[in-house]
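Here are a few exercises to work through with the model open beside you. Try each one yourself before you read the solution.

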Amino acid sequence: MSDTIWWHDLSGLATLIAAVGSAIAAVRASRHAGDAAAMSDRTAKRAAATSETVTRELSHNHGSSLKDAVARIETEIAGQARLIEAIDDKVDAVGHQVGEIRADAHAAHQHYDSELAGLRERVWDCQTKHAAPKRQ
């Protein structure tokens, strides 16, 4: 047979490489089995502590929990909303008062304009009646 006979049987080579890789993985897994168990125990303890912390934060505890903080914020926002509504009502009232003042000012201007027109007419009449005759 020739020197390159193994080249024709690539599937056998692939099987050999896979077997060697599996053996290496099995050795590593057996070495780290104790480490994995310890890590699993630490992970479980960490998860339990995290769960306890989350439960504590999402329960009322008279002020320092996240739930209490959210309740305070919601109360403050509700108070701010009432304040904004009161300010809005006052702005509306002032707007109506400004409208009334403008209407009153317009009526007064019309009255004074008609009075002024009447006075101009009287002055004109007086000037034309009592004007000195023109000299030619």
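A salt bridge here is a side-chain nitrogen of Lys or Arg within 4 Å of a carboxyl oxygen of Asp or Glu. Keep in mind that this is a predicted model.

**Exercise 1.** Work out which secondary structure elements the protein has, and in what order they run.

*Solution.* Start with the tally: there are three helices and zero strands. Next, read from the N terminus on, and the order comes out as α-α-α. Now look at the surface: the protein exposes about 12,300 Å², with carbon and sulfur atoms supplying 61% of that. Finally, check what is hidden: of the 136 residues, 1% count as buried.

**Exercise 2.** Find out whether D68 has a salt bridge or lacks one.

*Solution.* First, place the residue: D68 is in helix α3. Second, look for a partner. The nearest side chain of opposite charge belongs to R72, and it is 5.5 Å away. Third, compare that with the cut-off: a salt bridge calls for a nitrogen within 4 Å of a carboxyl oxygen. The verdict is that D68 has no salt bridge, even though it is buried. Last, see what D68 does touch: leaving aside neighbours within four places in sequence, its contacts are H60, N61, H62 and G63.

**Exercise 3.** Trace how L58 relates to helix α3 and to the nonpolar patch on the surface.

*Solution.* Begin with location: L58 sits in the loop between α2 (10–57) and α3. Then list its contacts. Not counting residues up to four places away in sequence, L58 touches L66 and K67. Of these, L66 is in helix α3. L66 counts as partly exposed because its relative accessibility is 46%, and that category lies between 20% and 50%. Now add the patch: V54, L58, L66 and V70 make a nonpolar area of about 340 Å². To link back to Exercise 2, L58 and D68 are 10 residues apart in sequence, and their C-alphas are 8.3 Å apart in space.

**Exercise 4.** Decide whether E85 is buried or exposed, and say which residues share its charged patch.

*Solution.* Step one: E85 belongs to helix α3, which covers residues 66–129. Step two: E85 counts as exposed because its relative accessibility is 53%, and the cut-off is over 50%. Step three: E85 gathers with D88, D89 and D92 in a surface patch of negative charge.

Technical notes:
Residues are numbered from 1 along each chain as its sequence is written. This is a predicted model: local features need pLDDT of at least 70, side-chain atom pairs count only at pLDDT 80 or more; totals for chains, interfaces and linings use all residues. Side-chain values use heavy atoms; hydrogens and water are left out. Patches are made of residues with over 30% relative accessible area and no salt bridge: like charges are joined within 9 Å, nonpolar side chains (Val, Leu, Ile, Met, Phe, Trp, Tyr) within 5 Å. Accessible areas come from the Shrake-Rupley method with a 1.4 Å probe; for residues, only the protein chains shown count as cover. Lys and Arg count as positive and Asp and Glu as negative; His and the chain ends are not counted. The place of a charge is taken as NZ of Lys, CZ of Arg, CG of Asp or CD of Glu. Helices (H or I, at least four residues) and strands (E, at least two) are DSSP runs, numbered from the N terminus. Buried means under 20% relative accessible area, exposed over 50%, partly exposed in between (1.4 Å probe, protein chains only). Contact means heavy atoms within 4.5 Å.
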